[in-house]
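Open the structure in your viewer and keep the selection tool ready. We will go stop by stop.

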Amino acid sequence: MIKTSSTMILDRAEPAHCTVCCCTLANKILMVLFMVLLIFATLFGNLVTLAVVVGTKHFHTSQGYLKASLAVADLAVGIFVVPLSVYAEVYLMVAESVPEWTSHNSQLVNFHPCNIIGPIFAGCTFVSITTIFLLTIERSIAVLRPLHKDSFITRKRTTILIFLSWVGSFFLAVSPMVFSSEIALEYNSCSRMCNYALGTIGEFPSQAWNILLLFPAFDFTLLGGTVVINIISLSSIRQHSKHRKTLAETEIQTTSNPTFSDIKAAKTIGTLTVAFTASFTPIAVFVVGNVLGNKWCNFSFFAFWILATNSCWNVIIYSVRDQKFRLCAHKLLMPSQRQNTTKT
């Protein structure tokens, strides 16, 4: 889902790191197997999400558009980001030597794959964070201002916001290279991913530092705002639930309360927020430790790949929390059973 917003300083004098994932042949095989399974899980889950959203009229809503945008960002991780790591690690096992481009950063070679994969990973993470924030805003309006949701939340406005989120996210992802010649991209031997790093200099210049601080500032601001808005929405839902029995007993009809589907959707977005925050927390800890001078090689591997696994969790959350999504996905995957049911 960055997806990365952290940086690592590359020390050219150090040998390749022996991390817990790749010190032995068995660990290397397990690591590659995990990466391959992650690719298939990410592609399968997000293709199902897109098929359900595009193929079902019920999901042709602002919320559906946002979920489709989130699925596309996660798909990009499975199509571009993880396969590069698989290629590098399989090459290392077969040839018993690393690909030449992994030994240099993007400033030292004419073409470096991380020049493409790094911004894609970072940009898709920013898109995911932004989309979850927009989903939270959309659901909070439906819960807190149910009478105004149709006027505030339109598909046209949502489409514009999705476009702006993609443009802004990828602009932020490439900004370190655009605004500083001292920042490069590298295939990091600890995280086994493309990371932002220093170029050929030995000290962190203040200008580069300020530019790279945009990443955690952006992430923490949006995630913090998302959590706060979710807390407000869920608190409002709890209040509505307390009054529901009273309204039912007195048979009072009102249109000022959110619908049951709006409440369920808000809880689903809350679960998405919790899942993404939990997967992003290790990266946040790693960033703080990196700033304090700790390399934490083993921890960086787990932090980055825990975040990467978030790309295949969304479809599971939808299936568990959203009954309509679950039924549509089941019909999509079991067409023969659907035909038999129809005939019966």
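Start with a definition: helices and strands here are DSSP runs, with at least four residues for a helix and at least two for a strand. Keep in mind that this is a predicted model.

**Stop 1: one span.** Select residues 299-320. This span is 82% helix and 0% strand. Its end C-alpha atoms lie 31 Å apart. Now select residues 65-88. Here the span is 100% helix and 0% strand, and the end C-alpha atoms are 35 Å apart. Both spans carry the UniProt annotation "transmembrane region", which comes from an unreviewed entry. That annotation also covers residues 29-53, 116-137, 158-179, 211-234 and 269-293.

**Stop 2: the whole chain.** Zoom out and show the cartoon. How many helices and strands does the protein chain have? There are 12 helices and two strands. Follow the chain along its sequence and you meet the pattern α-α-α-α-α-β-β-α-α-α-α-α-α-α. Of the 344 residues, 48% are buried. Switch on the surface: the chain exposes about 17200 Å², and carbon and sulfur atoms supply 66% of that.

**Stop 3: the core.** Hide the surface. Select V82, Y196, F276, F280, I283, W305 and F325. These residues touch the most other members of the largest nonpolar core, which has 72 residues. Helix α2, residues 62-95, gives the most to this core, with 13 residues.

Now centre on W305. Which residues does W305 touch, leaving aside those up to four places away in sequence? The list is F34, M35, L38, V82, S85, S191, R192 and M193. Notice V82 in that list; V82 is also one of the core residues you just selected.

**Stop 4: a serine in a helix.** Select S233. Helix α7, residues 214-250, holds S233. Is S233 buried or exposed? S233 counts as buried because its relative accessible area is 4%, and the cut-off for buried is under 20%. Show its neighbours: S233 touches S140 and V143, not counting residues up to four places away in sequence.

**Stop 5: a patch on the surface.** Select F163 in helix α5, residues 155-179. F163 is exposed because its relative accessible area is 56%, and exposed means over 50%. Add I160, L161, L164 and V167 to the selection. Together with F163, they form a nonpolar patch on the surface. The patch has about 480 Å² of accessible area in total.

How values were computed:
Residues numbered from 1 in each chain as written. Predicted model: local features only at pLDDT ≥ 70, side-chain atom pairs only at ≥ 80, totals over all residues. Heavy atoms only, no water. Patch = residues over 30% accessible without salt bridge, like charges linked within 9 Å, V, L, I, M, F, W, Y side chains within 5 Å. Areas by Shrake-Rupley, 256 points an atom, 1.4 Å probe, with all protein chains shown as cover. Salt bridge = Lys/Arg side-chain N within 4 Å of Asp/Glu carboxyl O. Buried < 20%, exposed > 50% of the residue type's maximum accessible area, 1.4 Å probe, protein only. Contact = heavy atoms within 4.5 Å. UniProt positions renumbered as here; feature names shortened; annotations may be inferred. Core = buried A, V, L, I, M, F, W, Y, C linked by side-chain atoms within 4.5 Å.
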